[in-house]
Amino acid sequence: MTEPLSRGQFLSLHLIETLAAVLPVRDENGQPKTLVFGGVERHMITSQARRRAERVHARNRANAGRGALGGRSMGVRTREWALLAGRELESAHGWNRQHAVAVARAVMEGCGLKFGDPQKKTVANLTKVLVFAPSDTAVRIAAHLAAHEAAVEEWYAEYAKALARAEAAKKTRRAASKKKTDGTEPEPPAEGTAPGSVTPPPLPKATRDAVLLALAPRDAVDIALYGRFLAEIPDSPNVDGAVQTGHAFTVHESEQIEDFYAAADDAKLDRKRNALNFLDAADDAGAGMTGYQSLISGTFYRHAVLDRVQLRTNLRVAGMTEEEAEQTASEAEREFVNAFVEAFPEAKKNSTASTGSLPVLVLAFEGERPYNYASAFQRPVDEVAEGAAGPVAVSRLLRHHVFVSGRRDDLHAAKLLTYDPEIDSLLAELELPAALETVTRAEELTS
């Protein structure tokens with residue numbers, strides 16, 4: 001599809017936000033994630049954390065009938081598709097729960113998906129990788145299995161026999177290996193149990209096609225936006241996402257504190273409060289538990305890009321007409337911008353209220369290629385010499401954009417949004433070019 005010439009292919013979004021005493025993302029040791037840039041260590045909020053927050057924010061709004069994508073089909077990323085299909089078979093079609101899950105797992109395994117160790121109940125029915133698929137995938141799989149129950153049960157009986165033969169072959173190999181270790185002569189394997197002789201029967205074509213269609217991206221808008229890679233099923237389509245997201249990082253050197261906390265034990269305090277003498281009260285002295293948590297503060301720069309052409313291509317490949325794809329793409333763009341501004345990772349949200357943060361400044365503009373302005377902050381902000389990091393970062397970002405705009409003819413439709421009155425006053429003082437339009441709503445950041 002050809003993008004209208006009046007609009008750039010790429011919508012670039014740049015944001016400055018200030019956070020205090022939060023921990024939105026952690027490494028494997030529970031410590032804040034960092035990177036080294038400009039010769040100093042910076043705190044980092046990974047693109048994965050940001051993308052998930054934005055994707056879930058948009059999905060929840062759509063499912064609730066709110067926002068530009070209200071009522072649109074969205075995706076779910078999970079390892080539990082077999083469990084979900086089994087529950088649907090039980091609740092909607094009256095199947096036995098345990099058998100339904102076993103059949104759903106077997107059918108999906110027959111399509112190429114790999115599952116956890118069947119000897120471990122916690123992972124036996126979970127796919128080894130997260131599968132991003134439309135939210136009605138389990139309903140569609142269950143409906144097909146129920147409608148073709150006889151054929152599916154016949155296939156499943158053969159599948160169960162194949163698994164039994166495979167297990168027998170495994171036990172034979174283990175016994176042979178043990179006898180070889182003991183120095184005794186191993187017995188030949190029983191007929192039909194040699195490695196490679198046991199293969200699950202192929203799925204009926206109708207069932208395989210139905211499962212692949214259920215797992216296909218179809219009209220799930222967030223899959224068209226953020227993409228999907230599923231290597232385990234070669235004939236299940238992957239999607240090149242239309243959204244590119246950079247890691248957010250502090251514009252200054254990292255600042256971290258180790259916050260000591262003491263948690264009270266309610267029962268102990270009640271006993272102390274009702275103690276009959278000071279000796280009883282002394283026995284209940286001290287906190288219930290103590291510990292440390294790492295918290296970070298700082299002003300962050302983050303960046304994301306929407307490829308409008310790729311988004312429309314993904315929607316057309318999913319089966320939409322050109323007119324449908326155009327309308328859906330416009331709605332998806334508005335919701336993407338809203339999520340970029342509004343969404344925030346939810347780690348430690350109850351103890352830090354981090355999800356209530358609003359950006360200091362958002363800059364949006366169109367171009368024929370993506371533009372990343374991270375280099376504007378290669379020299380870390382020195383708050384002692386330059387002042388508060390927020391206003392300094394805003395000035396740097398806008399100065400950088402004006403400079404680049406003077407050398408690139410494709411940059412246009414630039415818009416600014418702030419939720420900070422101090423920054424609003426600063427914008428008036430900076431004497432910005434008329435091409436930089438100030439707006440008051442997130443939805444106004446896009447054409």
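Q: What makes both faces of β10 count as covered?
A: In this predicted model, L361, L363, F365 and G367 on one side of β10 are buried, and V362, A364 and E366 on the other side are buried as well. Buried means under 20% relative accessible area, so each of these residues falls below that cut-off.

Q: Why is strand β10 described as mostly covered?
A: The strand comprises residues 361-367, and seven of its seven residues are buried.

Q: What makes β1 and β10 a pair of strands?
A: Two strands pair if DSSP finds at least two bridges between them. Seven bridges join β1 (residues 10-22) to β10, so the criterion is met, and the two run antiparallel. Within β10, F365 stands opposite S12.

Q: How do you know that β10 and β11 pair?
A: Four bridges link β10 to β11 (residues 412-417), in the antiparallel sense. The threshold is at least two bridges, so this also qualifies as pairing. L363 has L416 in β11 as its bridge partner.

Q: What elements of secondary structure does the protein chain contain, and why is the chain called more spread out than a compact globule?
A: The protein chain holds 15 helices and twelve strands. Its radius of gyration is 28 Å, whereas the globule rule gives 22 Å for 447 residues; the value is well over the rule, so the chain is more spread out than a compact globule. The C-alpha trace spans about 85 × 80 × 50 Å along its principal axes.

Q: What share of the residues in the protein chain is buried?
A: Of the 447 residues, 43% are buried.

Key. Residues numbered from 1 in each chain as written. Predicted model: local features only at pLDDT ≥ 70, side-chain atom pairs only at ≥ 80, totals over all residues. Heavy atoms only, no water. Rg over C-alpha atoms; globule rule 2.2 N^0.38 Å. Buried < 20%, exposed > 50% of the residue type's maximum accessible area, 1.4 Å probe, protein only.
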